[in-house]
Amino acid sequence: MSELPFSPRQVVEEIVSLVRVAAEEKGLVLLEDVADNIPVAISGDDGRVRQVLINLMGNAIKFTHQGHVSVRLIPHHQDPEALLFSVTDTGIGIAPEHVDQIFEHFTQADSSITRRYGGTGLGLAISHRLVELMGGRIWVESRLGQGSTFFFTLPSRPVELPPPLVAPLEQANEATTKTLRILVAEDSPDNELRLFASLADAKTWLD
């Protein structure tokens, strides 16, 4: 896990932008709420935070047929040194007897969901592990047929963002003319979202 300055607000905004098309194609309303008193920058692994958010929001869109999907970022109300992320949907929900197992490897609510929606549930297991490695906690509150809210915490260690590097004019002009075009051949929207998240993560290293 890296420990570098990043903007949690920017991470949320980028992931919302990334999944907006997928939500709109299903007729879902995509909502975003970031509190004003969130630190401008914190120290942590923004790539891993992106992975967790793309998994949670990708699942929310995947399992929601109508209504909305929303992401929220606020200071933790019980821990002043933590941030609280949440992803809420109005989807199929999770039965009470399956909630405790939802973060286990290769676990979904039941076999009929696997047949209908595909996937193995590995994304939630990975998210659980990543959140733990970052020093946070992840959990879910859900009602069958009414939707779910996935929460995770992240340590908040405020830092200052480094000043942007100012490239010479010729280099700046050259950079603006370089584009990268990628053809994605993938029949699973869920996998497309994860691929785009990986590309977004890679772009931060290229930049």
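Two strands count as paired if DSSP finds at least two bridges between them. Keep that in mind as you click around this predicted model.

**Stop 1: the sheet.** Show the strands as ribbons and look for an open sheet of five, in the order β2-β4-β5-β7-β6, with mixed pairing. Now colour β2 (29–34) and β6 (138–143): these are the edge strands, and each has a single partner strand, so one side of each has no neighbour in the sheet. Look along the sheet and you'll find that neighbouring strands are turned by 10° against each other on average, ignoring direction. What holds such strands together? Strands of a sheet pair through backbone hydrogen bonds, either parallel or antiparallel.

**Stop 2: one pair of strands.** Select β2 again, plus β4 (residues 68–75). This pair runs parallel and is joined by six bridges. To pick out a bridge, click E32, then its partner in β4, V71.

**Stop 3: helices on the sheet.** Select residues 8–25, helix α1. It lies across β2, β4 and β5 (82–89), running at about 175° to β2. Next, select helix α2 (residues 46–62), which packs on the sheet and touches β2, β4, β5, β6 and β7 (147–155). The direction of α2 makes about 20° with that of β5.

**Stop 4: helix α5.** Select residues 122–133. With 12 residues at 1.5 Å each, α5 should span 16 Å, and its end C-alpha atoms are 17 Å apart, which agrees. Which residues of α5 are buried? Highlight G123, L124, A125, S127, L130 and V131. Finish at G135, which follows α5 and has a positive phi, near 85°.

Terms used: Residues are numbered from 1 along each chain as its sequence is written. This is a predicted model: local features need pLDDT of at least 70, side-chain atom pairs count only at pLDDT 80 or more; totals for chains, interfaces and linings use all residues. Side-chain values use heavy atoms; hydrogens and water are left out. Helices (H or I, at least four residues) and strands (E, at least two) are DSSP runs, numbered from the N terminus. Axes are lines fitted to C-alpha atoms, for helices over the stretch in contact, and angles run from 0 to 180 degrees between N-to-C directions. Contact means heavy atoms within 4.5 Å. The expected span of a helix is 1.5 Å times one less than its number of residues. Buried means under 20% relative accessible area, exposed over 50%, partly exposed in between (1.4 Å probe, protein chains only).
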